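This report is intended for a reader who is meeting the structure for the first time. It treats local backbone features, an annotated domain, the contact between chains, helix packing and confidence in turn.

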Amino acid sequence: MKHFFFMVVFLMTCLLQQAVAQDKSVSGRVTDGANGSGVPGVTVLAKGTKIGTATNADGQFTLSVPTATTTLQFSSIGYKTTERDITSTATVDVSLAVEARNLDEVVVTGLGTSVARSNSANNVASISAAELVGNTRPATVDAAMYGKLSGAVITQNSGAPGGGISVQLRGPSSISNSTEPLYIIDGVYANNSSYDSGRGASAFTAAGGSRQDGATNRMSDINPDDIESIEVLKGSSAAAIYGTRANNGVIIITTKRGKTGRTQVGFRQDVGVTTILRRLGQEDWTENKIRNFGRLRGTGTVAGEIARLNAAQAAGQIYDYEDEIFGNTGFLSNTNLNVSGGSDKIRYYISGSNADEGSIVKNLGFRRSSIRANINSDISKNLEIGTQTNYTNASNQRGFTNNANNDASVSYALPYLPSYANLFPVNGVYPDNEYGGESPLAIRDRAVNDEKTNRFIQTGTLNYYLLRNDLTTLRLNVQGGVDYTLTEQELYLPDDLQSQRANANPGASRYSKNRQLNTNLNTILVLQHQLGKVGLTSQAGFVRLSQNFDGSFTQGEGLIPGTRNPALAKIQTLGQAFTRVTDIGYFVQQEANFDDKVIAALGVRADKSTLNSDENKMYYFPKASLALNIAKFDFWTIDKVSQFKVRAAYGETGGAAGFGDYFSRLLSVSIDNRLGLRNSTLIGYDKVAPERATELEGGVDLGFFNNRLTLEATVYRKNVKGLILTRPLAPSTGATSVTGFPIGDMVNKGIELGLAVTAIDRPNFRYNNRTQFWLNRTEVTKLDVGTQIVGPGFGNFFGRNQLKLNESPTRWFGAPLVNGQLTPYQESQPKFQMTFANNFTIMKNIDFSFLIHVKEGGYNSTLTQLLYDEGGTTKDFSNDPQTAPDGTLTTLGERRYNQETGGFIQNASYMKLREVSLYYTFQKAALGETFGRALERVKIGVSGNNLFLITPYKGGYDPEVSAFGSRPVGGNIDLAAFPSARRMFFHLALDF
Amino acid sequence: MYKYLTKALCLGGMVLSLGSCSFFELEDVSDPNFPDRSAFLANPTKSQLDFLATGIFSDLRTNGSGTGQGILLAYQVPGVIGREIYVLSTSDNRYVTELLGITPIDNANFLSGYFGSYSSARRSARTLADAAGNSPQITEEQRNAYLGFANTAEAYAMLVLSDLQYENGLRVDVSDPLKPGKILPYPQVVAAIKDKLDLAATQFAKAGTTLPFPVPSGFANFNTPATMLRFNRALAARTAIRTNKYTEALAAVQASFFSLTAAPTAGPLFNYGGANPDVFNSLFQVPNSKGSTVVVAHPSFVTDIRPTDTRISKVRKRDLRATTGLSSEFEPAIYASNTAPIPVIKNEELILIAAEAYLNTANKAKAVEAINVLANFYKVAPVTIADSDAKLLNEILYHRRYSLFYEGQRWVDLRRLNRLGDITPETTSDGKKTSVLKQLPLPFAEVQWDVANP
């Protein structure tokens, strides 16, 4: 390896060159070709250099360029890139033509290189700042990606405040490990963990070890307003250069940078409300219903319950508890202030934001405050350094929902609560709920499940041009950073709660600290050389990254009344877990571009990791790609077809094993204060190696009428080999599984289609539509171990996923067992998904847009409806009464309570109106003398997020749900999930 | 030019300094969280063996974290099926619907949790046996003591498993988890348990006069090889009556701590210290609990008990508990607190095994004597030699039901004597007809292993 660096030094000393610069000033205004209004944020670049600026809110710019500069380039997402000759002028006014799909934006091809979209061999999805948060205000970055990313299955795990969202690209690429893509923010391997607060511990909800309330994932710490663009490398063929951690795809987030020019100040305030998206409703009780209902709780007798019903009716005390608990209107506020600008030597972007969100449940909410400073500086003509600093303070109050084996969950207790019960506090004392183990009102008002995070992300970049002339550049790019997260959680259930009084030591609190430090350093040498019509880009480099996790908690049971300190509790429990991982990777890549007609790339990444049994063994991940721009060849004469590209790409990536997969352990126990060791049911596999995905992607991109209509069609086949899972053993051996075992292969096949059209483009009316369609199918193609149940679940009776040869791992199976085999049911992955994004610009100043998201197919295993049927409170419980031959009367709800497995596997198709917005923009001229002096632009608007839901799903509040959080299989389970909310906003944006 | 050269050299130097070996070489990671199992198997010290022995004492209780609260299910499941208790849960109706035979038991749900727990305890015991067998650092007497204890412990766990699995059988040879033996039928399982206990007995006989490992307070009276052997024989007696082998049972009882004069409740105990890493008595329940999962006494406990029987104190009145179409006004009151010990096997069980064995080996007088020890103690009418054999057996079963209440025995007793019909299946108030299960199903993973490895 050292030879490599000697070579660097050698090259640097030999090839350094220097040019003398003399500047001239150019200014002008960039306008929209259709309506003539100024276009803000257009990148203006002296062609062939990095010297540039951006237009202000009115489209104006001024730029100082070397006298030798002949051409200025104007580019902005949504417009066709345009060039202007400036040899003989100092003023340039440009009007940009609209493009439905920007083919000139650049997409990443290597760790240090990028290529124009029109030359890309992969279907790389990009989301611009405007698409991300330009219309409405989802709370988190991942929520903002909904419906904007073909090939992705994005699922909100629950409606609890603060997110909890899973993103899966091109189907599951793993069974046991995370399905989350790798997030890279400004070059740093970002932490997207979600940390367990311990709410499932027996002291709290006794729901078991698996997290069952869809905890917040840490992407929620990132302020979406700071993001310039998101690029998504969906499959292995695009992500191969990221190697061993890229099996689930890579999401590359670039934050905003300052641009040379006048200082720009932007202020944005959004205020809104959030309310429950869909109510299930509850059926009331009658004397007759009580008589026929066999599972009475409370007094447990017909006479007793009828007496209570009559008393409640007489007193007018019939309550709508769903409304009481989930009927709150939460207040939403989002404030954002940013300042950006720069001189020719230094550029900055500084922002501060505060998001404060209420919830549909009283007392719950989410808050995030963040500050960011991105500074780039040209130390010399050939040396640029940058630093990006982000501090976030985020917190949420999630409350208690989802599964609870002691009913300490508002959504679990609700279905059993008859409307004639009175649980309202009297003089601050909450009556016991005799219809369950806990009062949901007491949990709502008195239980604490809070999380707060302090996070610091610091990245630095260095670009050094060792050589730069007309034909050749040699650049050293060093990028590194740290991502430090400290997430602290507090759980508290007071000692006098009903569910706590059932414990020998009532009152429980738990304080968890999850500390994670990710660091990484990438060093890349990029050589670009023009050889006649062929452009060559070579790169080589290395990456080293480390992840250190330290999680601990102190838990107290048997609390002093009113005191939360676990140190004073009767029983004190400590927990501590460490994870330490280091990866090292090397890569080389060669790209060649023949006159934008033929573009080819070849590369390989080599990785080693302490997650593998042999930590210094290298694993190699090759890639190759080819794109042909047929319409650019001379023989192409069809003018109407402006682009015709065929492309193919192949690549391999890895999926890392879990930490500790090769350890065989003993567990500690104690008796009589004497420490002992006992068996662990897990056996470590001694040859743990990464999973390997090999993907072949092919596609055709077409552009018509100057790219006013574009069509992108992609097919892929991603084969995951050596899937890491636990190899199941016969439990009678005392060992249930071998961890980190390669159990077989799986294939994902899919189609992604994108159609973008500027349907109408008139001065006073413009209409853009972008339609995306995608589907994915998964199948286990090789299985070296027996059929096994995978993923979490509540037993075969309600549906489980299993790993079975020639079957989809996400398909539901369940009771009854036929010849030892589970009965197959439907698939949990959608048949297909579609989105329709529509943007209208009317009279230059009015922007109207809406985004519809359709998910067709995909079944959930749901127990939520069962809870209501068991409690006799389902809205339709008494419908369709039937008398059996033996005279017993059954109702719809009662029959459903006794249904077989098939009834719990329910169609979770939906259509959601994800986003709708209406904005009016006042340009400087329209603002008049007073405001116009200070303001460049004022934008006001209203928007909605998840306004409508249309679904056949009756199993729960929202078909989009995952009781067990983000996981490759077993994700689509619904058990008393937190209901989803709709959000409505008023927006005000001022540009100074 | 010179300026750039300097800069370039500085930069190159910086990058190079990173190129040292530690930067590009990865070091072996050892487990930062748990002890390494292999370190305890290769040449273990006596201290390491003692850690494993202590671990087994703890594991026999099988309610450590992550063991699926094994003892809870191992006592509740036979308790519900044997109609000693109900588990009435507002958050999980399967304690009723599946255990009372309304719907088939799902072999993949939590009700099979005991299986992994007791199988894990078996492997804890085998780990000690393997480690002690290898260690050159202990004497032969010490080795025999470790092995005797390990084999007795594994036999105990196998007995619990076979009580629940019954005619499904059990894997006996599981020494290599990657190549386990086949599931053996029930009679062979019971024979294997007997062999293991007998082997342990011969090992204790060669173990000298002191045990090399510390013994917890619950086993204070069983802290030498000779007294530990008596516990071993008590388990052998329990094993023998599983297949109604009365001669064998009698021999084992007589070599155990059986005594007609000692307290009926005498015997080894699972003792509990409390919080992590020790555990609680998970069978304890707060009086009159209003929680979501509540164990109540089966109503027949109170209706069937004889008026003067002092064992009525094993239950207490509570507020009516009604869920899932069942209800009760009584709850078990066996344990005073969540650190109260749970008996492993009691003298009164041995007395009743002896009585049953005497009765079936034509020694009626001795049987009557044994029964009346308990009749007198618990203030119920004594039996006489004039009573019929059938009546005496019923009397033994009555005493077993009340002396061993909620200890997982009634269901097993009725089953081995072919009298499950003594239980009348109830109908719930929402119209569901129950039945009496004979055994729990083999867990799903256990079935799948054999499918995948025919």
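## Backbone features in chain A

A:Pro816 lies in strand β41 of chain A, which covers residues 811-818. In this predicted model, the peptide bond that leads from A:Ala815 into A:Pro816 is cis, with omega near 0°.

A second feature of the backbone concerns A:Met843, a residue of the loop that joins β43 (832-842) to β44 (846-856) in chain A. Its phi is near 50°, which is a positive value in a residue other than glycine. Most residues other than glycine have a negative phi, and most peptide bonds are trans.

## The annotated domain

For chain A, an unreviewed UniProt entry records the feature "domain: TonB-dependent receptor-like beta-barrel" at residues 396-947. Over residues 396-947 of chain A, strand accounts for 59% and helix for 7%. The C-alpha atoms at the two ends of this stretch are 23 Å apart.

## Contact between chains A and B

How many residues of each chain take part in the contact between chain A and chain B? On chain A there are 88 such residues, and they are in contact with 91 residues of chain B. Several elements of chain A each supply at least two residues to the side that touches chain B: the helices α1 (2-15) and α10 (498-501), and the strands β26 (571-594), β30 (666-671), β31 (674-679) and β39 (788-790). The largest share comes from β26(A), with 8 residues.

By class, the residues on this side of chain A comprise 35 nonpolar, 36 polar and 17 charged.

## Packing around helix α4 of chain B

Helix α4 of chain B (residues 46-60) packs against helix α8 of chain B (residues 140-165) at an angle of about 25°, and their axes are 11 Å apart. Because angles under 35 degrees count as roughly parallel, α4(B) is described as roughly parallel to α8(B). The crossing of α4(B) past α8(B) is left-handed. From α4(B), the contact draws on B:Leu49, B:Ala53, B:Ile56 and B:Leu60, while α8(B) provides B:Tyr146, B:Phe149, B:Ala150, B:Ala153 and B:Tyr156. The residues of this contact between α4(B) and α8(B) are 9 nonpolar, with no polar and no charged residues.

Helix α4(B) also packs against helix α7 of chain B (residues 113-134), here at an angle of about 160° and with axes 9 Å apart. This angle makes α4(B) roughly antiparallel to α7(B), and the crossing of these helices is left-handed. On the α4(B) side, the residues are B:Leu49, B:Leu52, B:Ala53, B:Gly55, B:Ile56, B:Asp59 and B:Leu60. They meet B:Ala121, B:Ser124, B:Ala125, B:Thr127, B:Leu128, B:Ala131 and B:Ala132 of α7(B). The contact of α4(B) with α7(B) contains 10 nonpolar, 3 polar and 1 charged residues.

## Packing of helices α5 and α8 of chain B

Helix α5 of chain B (residues 70-81) is another partner of α8(B), packing at an angle of about 30° with axes 11 Å apart. The angle makes α5(B) roughly parallel to α8(B), and α5(B) passes α8(B) in a left-handed crossing.

Which residues form this contact between α5(B) and α8(B)? B:Ala74, B:Val77 and B:Pro78 belong to α5(B), and B:Val160, B:Asp163 and B:Leu164 belong to α8(B). Of the residues in this contact, 5 are nonpolar, none is polar and 1 is charged.

## Confidence in the model

The mean pLDDT of chain A is 89, with 96% of its residues at 70 or more. Within chain A, residues 1-21 have a pLDDT below 50, and this stretch has 35 contacts in the model beyond near neighbours in sequence.

For chain B, the average pLDDT is 92, and 94% of the residues score at least 70. The model as a whole scores ipTM 0.92 and pTM 0.88.

Definitions and conventions: Residues are numbered from 1 along each chain as its sequence is written. Chains are lettered from A and ligands numbered from 1 in the order in which they are written. This is a predicted model: local features need pLDDT of at least 70, side-chain atom pairs count only at pLDDT 80 or more; totals for chains, interfaces and linings use all residues. UniProt positions are given in the numbering used here, feature names are shortened, and annotations may be inferred rather than shown by experiment. Helices (H or I, at least four residues) and strands (E, at least two) are DSSP runs, numbered from the N terminus. Two residues are in contact if their C-beta atoms, placed from the backbone, lie within 7 Å. Ala, Val, Leu, Ile, Met, Phe, Trp, Tyr, Cys and Pro count as nonpolar, Asp, Glu, Lys and Arg as charged, and the others, Gly among them, as polar. Axes are lines fitted to C-alpha atoms, for helices over the stretch in contact, and angles run from 0 to 180 degrees between N-to-C directions. Angles under 35 degrees count as roughly parallel, over 145 as roughly antiparallel, 65 to 115 as roughly perpendicular and the rest as oblique. A crossing is left-handed if the near helix is turned anticlockwise from the far one by less than a right angle, and right-handed if clockwise. pLDDT is the predictor's confidence in each residue, from 0 to 100.
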